[in-house]
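Please examine the sequence and the structure below. The paragraphs that follow lead through a few selected places in the fold.

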Amino acid sequence: MNNLSQSSGKMTNYRWMICAMLFFATTINYLDRQVLSLTWKDFIAEEFHWTNTHYGYITMFFSGFYALCMLFAGRFVDWLDTKKGFLWSIGIWSVGACIHAFCGIATAGIVSNEWLAGFEGSKEVLKYAENTGTIITVSVTLFILARAVLALGEAGNFPAAIKATAEYFPKKDRGFATSIFNAGAQIGALLAPLTIPLIAKYYGWEMSFIIIGALGFIWMGFWVFIYKKPEKHPRVNAAELAYINQDEASANVTEEKIEEAQTKKLSFADCFKFKQTWAFAVGKFMTDGVWWFYLFWVPAYLSSVYSMPSSDPKAQIAIFVLYGISMLSLIGGWLPTYFVDKKGMNPYAGRMKAMLIFAFFPLLALLAQPLGHISYWVPICIIGIAGAAHQAWSANIFSTIGDMFPKSAIATITGIGGMAGGLGSMFINLGSGKLFDYSIESNMSFLGFSGIEAGYFIIFSICAVAYLIGWIIMKSLVPKYKPIEL
């Protein structure tokens, strides 16, 4: 008889400790990612003479390099395995976050050969420097390099987190577990406007990068002692291990075959041969850029359209409320479990049905600008709902990997899809920056809107329809549940 079914006694719940660690890692990830978006417009732009286009270039390169790194980060995590892969990932991105703080000193050193001026001294050097074009070029280049290090590390977060979830949760619970740790994105986004602008205001924008970046090193200290494979962890008893491996047990898979499946690997090239890979990649390409647009541009949107800088308490409360609304995404992880347990669907069918439901909510973004004249709270609430729908969608699209692929390939497939999502984000960020500057310079008119408002209306409209298009393509590629067998 299969040993997995021979368990007795009260089940431990250590898997939720792992989920909590993934949650905190994702929270730190999004805090680090938010620092620039909350400081560039009101603290950094004047110092370096940046425009929307310059910021758009920085976010574009971040997205593009993140996409490239995602292609290999998943393979790297599968090679090193979950524990070491995550340590390397968060260590690199924490270093990358901190080195942003020294871009001002480096710019002053390159432009004026003043290398020891310090944070405040470099501001004075740049203030009186006459070669504005050189300051722009050097500072943008340095920030792009810092963002590249950040992207290199951050690319490993989701492949490692999804792999850890697949190791510690059965298929029916992975969507819910993913929605919990993925909620760290919203919590990070909630905390960011309440903390980062205040740190930048009272201690300088440089310290906001250093303080937030240092959180990752603290997380690493806990991860070293907390994480082990469930079958080797002394705090996971037989009952919990049986629960974790219930999918294999229900299919009468022996422990020997489980171990063989976990060690047998798909080659990198073979991963691209499956429609399941392309379905996941298309879904990420169509929708990741929407979330990143909201993450990177909403503070600038409030500043440009409603004259509310990120240091304004009203703007901070508005962004806090936006991401508070997006916490509704936790329902997204529960809904597929309901379809599986109560409706008898297989996990993939339940997830796709849930994703179709979530794909309709972003359509509200079509109304964000038309109703924005009533109050800035209208687009804030609409974007919050769209953000909740995205995170619910995201939790489930990540979980489709575990439905289809063996555990040994999960991080690799996650990385491939993350690359596609990063490319989509690169296009929308660069396009947004250029569109916004063009709309201001030409006082562009579009469907009754003019100037910067016309630009935001166009981008909001693109964000609104992206999910339905992505779902249709995914469903066409993989209409029914079809797991990959090695």
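Is Gly204 buried or exposed? The model is a predicted one, and in it Gly204 has a relative accessible area of 11%. Because the limit for a buried residue is under 20%, Gly204 counts as buried. Gly204 belongs to the loop that runs between α9 (184-203) and α10. A distant part of the sequence comes into view here: Phe43 is 161 residues away from Gly204 along the chain, yet their C-alpha atoms are 8.3 Å apart in space.

The next place to inspect is Arg15, which is located in helix α1 (residues 15-48). Although arginine carries a charged end, attention here goes to its surroundings. With a relative accessible area of 5%, Arg15 is buried. Its side chain reaches the backbone oxygen of Thr12 at 3.4 Å. Leaving aside residues up to four places away in sequence, Arg15 touches Tyr168, Phe169, Glu240, Tyr243 and Ile244.Another arginine, Arg33, has its charged end over the ring of Tyr30, 4.7 Å from the ring centre. Arg33 also lies over the face of Tyr66, where the distance to the ring centre is 5.2 Å.

Aromatic rings deserve a closer look. The count of aromatic pairs in the model comes to 44. One of them joins Phe86 and Trp219, whose ring centres are 4.9 Å apart and whose planes stand at 50° to each other, a tilted arrangement. Phe86 lies in helix α3 (residues 82-99) and Trp219 in helix α10 (residues 205-226), so this pair ties together parts of the chain that are 133 residues apart in sequence. Both Phe86 and Trp219 are buried.

A second pair, Phe436 with Tyr456, is stacked, with 4.0 Å from centre to centre and 25° between the planes. Here the link runs from helix α20 (residues 410-442), which holds Phe436, to helix α21 (residues 452-477), which holds Tyr456, and the two residues are 20 positions apart. Phe436 and Tyr456 are both buried. They also belong to one aromatic cluster, whose members include Trp40, Tyr55, Phe293, Tyr294, Trp297 and Phe460. Trp377 is another member of that cluster.

Helix α19 spans residues 377-404. How far apart are its end C-alpha atoms? They are 41 Å apart, which agrees with the 40 Å that 28 residues should span at 1.5 Å a residue. This helix is mostly covered, as 25 of its 28 residues are buried.

The cysteines complete the tour. How many disulfides are counted? The count comes to 0. Cys69 takes part in no disulfide, and the nearest cysteine sulfur, which belongs to Cys103, is 17 Å away. Because a disulfide requires two cysteine sulfur atoms within 2.5 Å, that distance of 17 Å leaves Cys69 without a partner. Cys69 has 8% relative accessibility and therefore counts as buried. Cys103 is likewise in no disulfide, and the nearest cysteine sulfur to it is that of Cys98, 12 Å away. At 4% relative accessibility, Cys103 counts as buried.

Methods:
Residues numbered from 1 in each chain as written. Predicted model: local features only at pLDDT ≥ 70, side-chain atom pairs only at ≥ 80, totals over all residues. Heavy atoms only, no water. Buried < 20%, exposed > 50% of the residue type's maximum accessible area, 1.4 Å probe, protein only. Helix = DSSP H or I, 4+ residues; strand = E, 2+ residues; numbered from the N terminus. Expected span 1.5 Å × (residues − 1). Phe/Tyr/Trp six-rings, centres within 6.5 Å; stacked < 30°, edge-to-face > 60°. Lys NZ or Arg CZ within 6 Å of the ring centre and 35° of its normal. Polar contact = N/O pair within 3.5 Å; in protein donor to acceptor, adjacent residues only side chain to side chain. Contact = heavy atoms within 4.5 Å.
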